[in-house]
Structures are given as C-alpha cells and as structure tokens.
Amino acid sequence: MSKTGIIFDIKQLAVFDGPGIRTTVFMKGCPLRCKWCHNPEGLSFLPQLMVSTQGCDGCGRCKEVCPSPEHCTACGRCVVACPRHLRKICGTEYTAEALAKKLWKDERIFRMNGGGVTLSGGEPTAQWEFVLELLERLEGIHRAIETCGYCSWEIFAEILNRLDYIIMDIKLADPKKHKYWTGKSNERILANLEQLKCSKKPFTARIPLIPGVNDTKENLRMTAELLKYTDNLERLELLPYHKTAGAKYSMVNLEYAPRFDENQEVNAAVEIFERYEIPVRIL
Ligand code: SF4
Ligand code: SF4
C-alpha cells in the first residue's frame, strides 16, 4: 500500500527552491522550534484549523455548527459555514502515489525550464517513509529537498540517494546556542552536513539571518569554517529576517514570542564568506 503524508501547500512556478522553475511541496511537521519560524502552520504534524481574523463580522455561524468548541478536531464544519471564507483546514492527506501522479502532470514544464520538484516544509525528512516512496515515484523528474538536516544518519543517507539537489539550512554553528534557539542541538545536523559534503551531490546552504542571534561575526565565521573547501557547495544564501514572520501565529492559535529584537538591523557580513571563497547571495 502507498504511504500517506500530510501536505499543507503545493506551490507551482517556484523560482527560489532549486534550479529552474519548480513545484514546491510543503510538508507538515517539524522537529525544531526555531524562535523565528515564519511557517507556524508547518510545525504540527496534524491537519489544523487556520482562521483569518480580519474581516470577521461576528455572525457566529462557526460557533453554531461546531461539535467540539473546547478542543478543535479540525472537522472542517466551520470552514463550510463561514460566509466570509475566513477559515480553512491546513493539512491534506495524500498517498505518495496520488501526489506523484499530480506532480508528474507538470513534467513538460520542468523539462523546458530545467526545473523539478522540491520538498519543503515543515521538515520533509520527518515524514521520511512517505518521502522515500514519493522520491522513487518521481524518478525521472529533477528532485530537490529543503531541509534542516535534523534526522538520523541512516534516513538522511536514504533520502540523499534519491535526490538531485539539496538546500540545507545551517541555523547556528554552536550546539548550545542551536538548542536554545531551535529546541534541539545541532550534532545530527552537522553530521548530516558532513555526509552531504561527501556525497558530491550539488547543494545550497542557507542561513536565515536573525538579528543578534546568528548574524554575529563569530557564528558566521564558524559557519564559513564548516562550509569551506566544499566542491559540491554551489552557493550560500543569506535570508535576512522579516518582521512579518509572526503574522500567521494567531491564525493557528499560537503566540509569537521571538525573544530577540525584531527591530535590530541584520548584519549580512558577506565578506566573511568571500574570504573563504564561498559564493554568497542575499535573498
Ligand atoms: S474545525 Fe471548526 S467546527 Fe470543527 S472542531 Fe474545529 S472549530 Fe469546531
Ligand atoms: S462564521 Fe466566519 S464571519 Fe462568522 S463569526 Fe465565524 S469566522 Fe466570523
């Protein structure tokens, strides 16, 4: 039987998620809890209700139809009832077979533009059984992943074998600081980075630059040390923090508590990486 996975978005015509024009599949669930996460709907592994508060006129239809007001079960009744379309269920179950079939429909576009499919999230390696089957079913299409690298060595190796391109986040080089800011130490991540470097598969490293957290000279220099002399590293991408990161938290009933100064200017010290001859671009 085909494995099932939970997807929260599928975006066609993506241009920043690997080579060419791509379809990006956003998978639900992440083992990390980065304080700056801008996709809070990707944290939970389960489908969940997402409510837009702007435009609500208080008509109360959502409450009238709700069978479980104390604890939302994502049944979707209020989604249908809301006349202003302010509610949606975030997270749809797919079999790997059905999703692959859907993605294959754009194969001609991928071929014309040197593009393909990118798995993102959330953290795609967390749904690894589904991902392995999906990647197998997509063989013949260029397959990429955007990952935080937090999974076992064995799973990472299996997934890597089925990929053409990898985008890997390196959030912080210091294990203790990594644990403080993301909820997990980075030992597994750094071990998987070494595995990736040895694999010879082409990859991009990404740093989401967070003011006062990982944009220090010390962290950027330590990250450059991790990435230096890596033949299969195509480039490093720096993604400066945006203050809009917290916008979606209330929609999934979460509180945004970043613990850093959002107003501080980010230090995108490109010269540190250039000194190590690492090609850099700021997104
Ligand atoms: S999805 Fe809506 S109707 Fe269903 S339990 Fe949650 S709040 Fe109630
Ligand atoms: S049904 Fe929609 S418009 Fe009416 S109270 Fe609920 S969210 Fe607001």
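## Ligand shells

The shell around ligand 1 comprises seven nonpolar, three polar and one charged residues, where Ala, Val, Leu, Ile, Met, Phe, Trp, Tyr, Cys and Pro count as nonpolar, Asp, Glu, Lys and Arg as charged, and the others, Gly among them, as polar. Its members are Leu49, Val65, Cys66, Ser68, Cys72, Thr73, Ala74, Cys75, Gly76, Arg77 and Cys78; a residue belongs to a shell if its C-beta atom, placed from the backbone, lies within 6 Å of the molecule. The model is predicted: local features need pLDDT of at least 70, side-chain atom pairs count only at pLDDT 80 or more, and totals for chains, interfaces and linings use all residues. Residues are numbered from 1 along each chain as its sequence is written, while chains are lettered from A and ligands numbered from 1 in the order in which they are written.

Around ligand 2 stand Cys56, Asp57, Gly58, Cys59, Gly60, Arg61, Cys62, Ala81, Cys82, Arg84, Leu86 and Arg87. By class, this shell has six nonpolar, two polar and four charged residues.

## Helix α7 and histidine 178

Helix α7 spans residues 175-182, and its buried residues are His178, Trp181 and Thr182. Helices (H or I, at least four residues) and strands (E, at least two) are DSSP runs, numbered from the N terminus. A residue is buried if 20 or more other C-beta atoms lie within 10 Å of its own, exposed if 12 or fewer, and partly exposed in between, with C-beta atoms placed from the backbone. The three buried residues cover an arc of only 80° around the axis, which puts them on the same side of α7; the arc is that of the directions from the helix axis to the C-beta atoms. An α-helix has 3.6 residues a turn, so residues three or four places apart point the same way.

Histidine 178, a residue of α7, counts as buried because 24 other C-beta atoms lie within 10 Å. Its C-alpha atom is separated by 38 Å from that of valine 79, and the two residues are 99 apart along the chain. Glycine 183, just after α7, has a positive phi of about 90°.

## Helix α9

In helix α9 (residues 217-227), the residues Asn219, Leu220, Thr223 and Ala224 are buried. They lie on the same side of α9, because they cover an arc of only 140° around the axis. Exposed Lys217, Glu218 and Glu225 are carried on the face turned away from the buried side of α9.

## Packing of α5 and α6

Helix α5 (residues 128-137) packs with helix α6 (residues 153-161) at an angle of about 20°, the axes being 9 Å apart. Therefore α5 is roughly parallel to α6, a term for angles under 35 degrees, with those over 145 counting as roughly antiparallel, 65 to 115 as roughly perpendicular and the rest as oblique. Axes are lines fitted to C-alpha atoms, for helices over the stretch in contact, and angles run from 0 to 180 degrees between N-to-C directions.

## Backbone particulars

The peptide bond between glycine 121 and glycine 122 is cis, with omega about 15°. Glycine 122 lies in the loop between β6 (116-121) and α5.

Leucine 13, in strand β1 (residues 4-14), has a positive phi near 60° although it is a residue other than glycine. Leucine 13 is exposed, with 12 other C-beta atoms within 10 Å. Asparagine 253 also has a positive phi, near 65°, and is placed in the loop between β10 (233-240) and α10 (270-275). Asparagine 253 is exposed, with 12 other C-beta atoms within 10 Å.
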